[in-house]
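Here's a quick walk through one structure, with the ligand site up front and the strands and a helix after that. Have a look at the model first.

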Amino acid sequence: MIEFDSVTKRYPDGTVAVDAVDMRAETGEITVLVGPSGCGKTTSLRMVNRMVEPTSGRVLIDGRDVADTDAAQLRRGIGYVIQHAGLFPHRTVVDNIATVPYLLGWSRRAARRRAMELMERVGLDPDLARRYPAQLSGGQQQRVGVARALAADPPIMLMDEPFSAVDPVVRESLQDEFLRLQAELDKTILFVTHDIDEAVKLGDKVAVFRTGGRLAQVSTPRELLEHPADEFVAGFVGKDRGYRALSFMPAEGLAVDPEPTATLGCSVAEARAAASDGWVLIVDDQRRPQGWLDVRQWSDVGSVAPEHLNRGGTVASFTGSLRGVLDAALSSPTGRGVLVDDSGRLVGTVPAAKVLALIDGAPPGGASANGAHAGPQLSPITPRSPRSGAPTPEDPP
Ligand SMILES: Nc1ncnc2c1ncn2[C@@H]1O[C@H](COP(=O)(O)OP(=O)(O)OP(=O)(O)O)[C@@H](O)[C@H]1O
């Protein structure tokens, strides 16, 4: 565990970068420091590995003041990843990754073997090992940065805007891989970002800093979105936080409506008989949704073929979040979001209105204060735990 005990940093010019911060980062968790530019996130991070010394207060790792540990020794137990990866330009990828093992006196062979293992772990093609950083894409460079920080298997990782310099698509895949990696490695991670979406996606806990280096709130992402401590936090997490909070509510708690279906290849007459409001959901012989059929538009074709289907709209996973369900419902031509189980088979549908009612109304687990929306029973989603197959209306438990 990393603990900040009333930590203040005043730079020589008088700037108070961090002001009396008390905070804990639990072992094996990702704690994200987020806040507007200049609020003291980087300074806080650097006080953990003694690149910056506090003016007052203490930073403790597992109960021990970092000031009592030799700085070089301390840093060997702490991986450090920064924006633009901070790679050595004149060293190859494999030698960059092996930096700390070399410093620790590992043999060249053992260090390189470790580096090659890590390349695989972070999703880098081994053929890139002999390249120089300038010969890699931004996303590849960031992966090398992460691999380098992991090389000596440090229990702690400090990550300062590690994914900020890449485009949003690459960024998203780096975040996903990072979460997968952390599920295996269980490091204690302090992660700095200015992006609240990244913070709520990655953090087990999120620490929101305000200008002047003061801590505004530390809590789980869900708590932060649903119960911001004050106006500053509310403003920072954004007005659409109700919508964002859906990402942390499981779809599994939602009452799903059975949806009439017809099977691909059946006659249009059969499909029409099944349709409720001019539309019928077409499934394959495994009951996997294929698209919606507008029976009025295709009344004179013989049998239902893929080219007759409206394939617009996403399909939501029943083991995913309510945000996925809302996306599916809002993008469906019928306004009903299609839910599938882990094998892609139909569970049922949910109208957008049912999900939208949860945003302003019902808090998780019950009705709203004014009783206007009787929400379904919801419990916190556990985003990174393995999920079992879900029961379906057609296939009750
Ligand atoms: N070496 C320094 N000397 C004087 N002031 C500094 C120094 N380093 C940082 N600061 C100031 O301390 C404050 C906090 O800076 P810090 O880099 O910790 O913030 P940050 O939240 O990480 O910002 P950003 O997101 O812009 O990187 C800022 O006002 C900054 O200008």
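Keep in mind that this is a predicted model. Start at the ligand: helix H1 (residues 41-48) gives the most to the shell around it, with three residues. In total, 13 residues surround the ligand, and the closest are Tyr 11, Ala 17, Ser 37, Thr 42 and Thr 43. By character, the shell divides into three nonpolar, eight polar and two charged residues.

Now for the strands. E1 (residues 2-10) has two partners listed here, E4 and E2:

| Pair | Sense | Bridges | Partner of Phe 4 |
|---|---|---|---|
| E1 (residues 2-10) and E4 (residues 56-61) | antiparallel | five bridges | Val 59 |
| E1 and E2 (residues 16-25) | antiparallel | six bridges | Met 23 |

So what does Phe 4 face in each strand? In E4, Val 59 stands opposite Phe 4, while in E2 the bridge partner is Met 23. The hairpin of E1 and E2 has five residues between the strands, and there Gly 14 takes a positive phi near 100°.

Finally, helix H6 (residues 138-150). Its 13 residues reach 19 Å from the first C-alpha to the last, close to the 18 Å expected at 1.5 Å a residue. Why call H6 largely enclosed by the rest of the structure? Because twelve of its 13 residues are buried. Among them are the glutamines Gln 140, Gln 141 and Gln 142, the arginines Arg 143 and Arg 148, and also Val 144, Val 146 and Leu 150.

Methods. Residues are numbered from 1 along each chain as its sequence is written. This is a predicted model: local features need pLDDT of at least 70, side-chain atom pairs count only at pLDDT 80 or more; totals for chains, interfaces and linings use all residues. Two strands pair if DSSP finds at least two bridges between them. Helices (H or I, at least four residues) and strands (E, at least two) are DSSP runs, numbered from the N terminus. A residue is near a molecule or strand if its C-beta atom, placed from the backbone, lies within 6 Å of it. Ala, Val, Leu, Ile, Met, Phe, Trp, Tyr, Cys and Pro count as nonpolar, Asp, Glu, Lys and Arg as charged, and the others, Gly among them, as polar. The expected span of a helix is 1.5 Å times one less than its number of residues. A residue is buried if 20 or more other C-beta atoms lie within 10 Å of its own, exposed if 12 or fewer, and partly exposed in between; C-beta atoms are placed from the backbone.
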